[in-house]
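Thank you all for coming. I would like to spend a few minutes on one model, and I will ask you to keep the picture in view while I talk.

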Amino acid sequence: MEVSEKAPAKINLTLDALHKREDGYHELEMVMTTIDLSDRIELADIDGDDIVLENSSGLIPQDERNLAYRAADLLRQRTGITRGVKITIHKRIPVAAGLAGGSSDAAATLRGLNRLWRLGLSLEELAELGAEIGSDVPFCVWSGTALAKGRGEILTPVASPPPCWVVLAKPRHGVSTAEVFQALRVDRIERRPNTEAMIRALEQGDYRGICRHLGNVLEEVTMQMYPEVRRLKEKMQQFGADGVLMSGSGPTVFGLVDRESRARRIVNGLRGFCRQVYAVRILGSNRPLLLDKSRTI
Ligand SMILES: C[C@](O)(CO)[C@H](O)COP(=O)(O)OP(=O)(O)OC[C@H]1O[C@@H](n2ccc(N)nc2=O)[C@H](O)[C@@H]1O
Ligand SMILES: Nc1ncnc2c1ncn2[C@@H]1O[C@H](COP(=O)(O)OP(=O)(O)OP(=O)(O)O)[C@@H](O)[C@H]1O
């Protein structure tokens, strides 16, 4: 048997770091939403008990370091399942980009294997397992739009943004999330996002309010390391995006745009400065993956 799962990317509408914890992680408060730029994960039964990985990208590990492999391994350990599986990753999300590509592959692997192996685990249980793989995995298990606290694993669903376009520009280099957090000085943060105001704007469907309240405390840190990120943000603003921000730890910069024609114009303008430019939609409602039949059967 074989199942296929969509693994969508996320963007951060806000990201605030409250303090550094004793376990070395940062206590976060952030609003994330899923966008229509996805990897596809195929999971197939195979003879034997190996986890075999194939992927279309030369940029991600092909072994047990791959987050999809780790998800399958963890699920087998916790359920006592010993079946073999072939995981094929069709990669479209840029790697080390701040778009949670690896986390989403892991989350899709958990959802897909739950179906393939008829485990009957709930999304809550899969998200809890996912937290052991990475801070973004629980959000990716649920998808939609959510306020994330703690390390990123304490989730409260909030209203999704009204339909709009997201223009993404990914600079050539990737960014190490660990390095960015290491360079962050929480006691020196000058401007923090207003998370409450963002949630209010989302609940009211206030597109202009959402654009106004975009904010990410990691943006300045990554921009110091990679000035190209600042230049891209400025370009995106000049080309007329309604709101512009770096996603996660970067380096991808995204712009919200209300009309397709303007999104296309911005994409064309940016192509002169950046090779990886996309225009995608926000994935509408909360838990859109339920429509994909990815919930427990
Ligand atoms: C920046 C974000 O993408 C925002 O959504 C996430 O916080 C990062 O999520 P992720 O890539 O799943 O991160 P993890 O693999 O859990 O952590 C990578 C590294 O980032 C740092 N890290 C991550 C999450 C967090 N709340 N505090 C941290 O300080 C830690 O140094 C950790 O070693
Ligand atoms: N399936 C995978 N897809 C992408 N990267 C993976 C995968 N498995 C492991 N990795 C490793 O994880 C690192 C981070 O990649 P990823 O694309 O998830 O970054 P990211 O978008 O910045 O994630 P986040 O926003 O969650 O911090 C890469 O350096 C890559 O080697």
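I will go through the domains, then the two ligands, and then one helix and one histidine.

Let me say at the outset that this is a predicted model, and that everything I describe is computed from it or taken from a record.

The chain is assigned a domain 1, covering 2-157, and a domain 2, covering 165-281, and the C-alpha centres of these two domains lie 23 Å apart. Across the boundary, 24 residues of domain 1 are in contact with 32 residues of domain 2. On the domain 1 side, the elements that contribute two or more residues are β1, β2 and β5, the last of these being residues 145-150, and β1 gives the most, with 9 residues. By type, the residues on that side of domain 1 divide into 14 nonpolar, 6 polar and 4 charged.

Now to ligand 1. It is surrounded by 18 residues, of which His26, Gly134, Ser135, Phe181 and Gly248 are the closest. Strands β1 (2-20) and β2 (26-46), together with helix α5 (177-183), each supply at least two residues of this shell, and domain 1 and domain 2 each provide at least three. In composition, the shell around ligand 1 holds 7 nonpolar, 9 polar and 2 charged residues.

Where does ligand 2 lie with respect to domain 1 and domain 2? Both domains give residues to its shell, so ligand 2 lies between them. There are 21 residues around ligand 2, and those that come nearest are Ala100, Gly101, Gly102, Asp105 and Asp136. Helices α1 (67-79) and α2 (101-116) each supply at least two residues of that shell, with α2 giving the most, namely 4 residues. The shell around ligand 2 divides into 10 nonpolar, 8 polar and 3 charged residues.

Two of those nearest residues deserve a closer look. Gly101 lies in helix α2 and is buried, because 29 other C-beta atoms fall within 10 Å; leaving aside its neighbours within four places in sequence, Gly101 is in contact with Ala9, Asp39, Ile93, Pro94 and Val95. Gly102 is also in helix α2, and it counts as buried with 28 C-beta neighbours inside 10 Å. For those who use the databases, an unreviewed UniProt entry places a feature called "binding site" at several positions, among them Ala100, Gly101 and Gly102.

Let me turn to helix α3, residues 123-130, in which Leu123, Leu126, Ala127, Leu129 and Gly130 are buried. These residues cover an arc of only 160 degrees around the axis, which means that they sit on the same side of α3. As background, an α-helix has 3.6 residues a turn, so residues three or four places apart point the same way. The buried residues of α3 pack against α1, α2 and α4, the last of these being residues 137-142.

Finally, is His19, in strand β1, buried or exposed? His19 is exposed, because it has 9 other C-beta atoms within 10 Å, and the cut-off for exposed is 12 or fewer. Not counting residues up to four places away in sequence, His19 touches Glu27 and Val186. His19 and Arg185 are 166 residues apart in sequence, yet their C-alpha atoms are 9.1 Å apart in space.

Technical notes. Residues are numbered from 1 along each chain as its sequence is written. Chains are lettered from A and ligands numbered from 1 in the order in which they are written. This is a predicted model: local features need pLDDT of at least 70, side-chain atom pairs count only at pLDDT 80 or more; totals for chains, interfaces and linings use all residues. A residue is near a molecule or strand if its C-beta atom, placed from the backbone, lies within 6 Å of it. Ala, Val, Leu, Ile, Met, Phe, Trp, Tyr, Cys and Pro count as nonpolar, Asp, Glu, Lys and Arg as charged, and the others, Gly among them, as polar. Domain bounds come from an automatic or database domain assignment. A residue is buried if 20 or more other C-beta atoms lie within 10 Å of its own, exposed if 12 or fewer, and partly exposed in between; C-beta atoms are placed from the backbone. Two residues are in contact if their C-beta atoms, placed from the backbone, lie within 7 Å. The arc is that of the directions from the helix axis to the C-beta atoms. UniProt positions are given in the numbering used here, feature names are shortened, and annotations may be inferred rather than shown by experiment.
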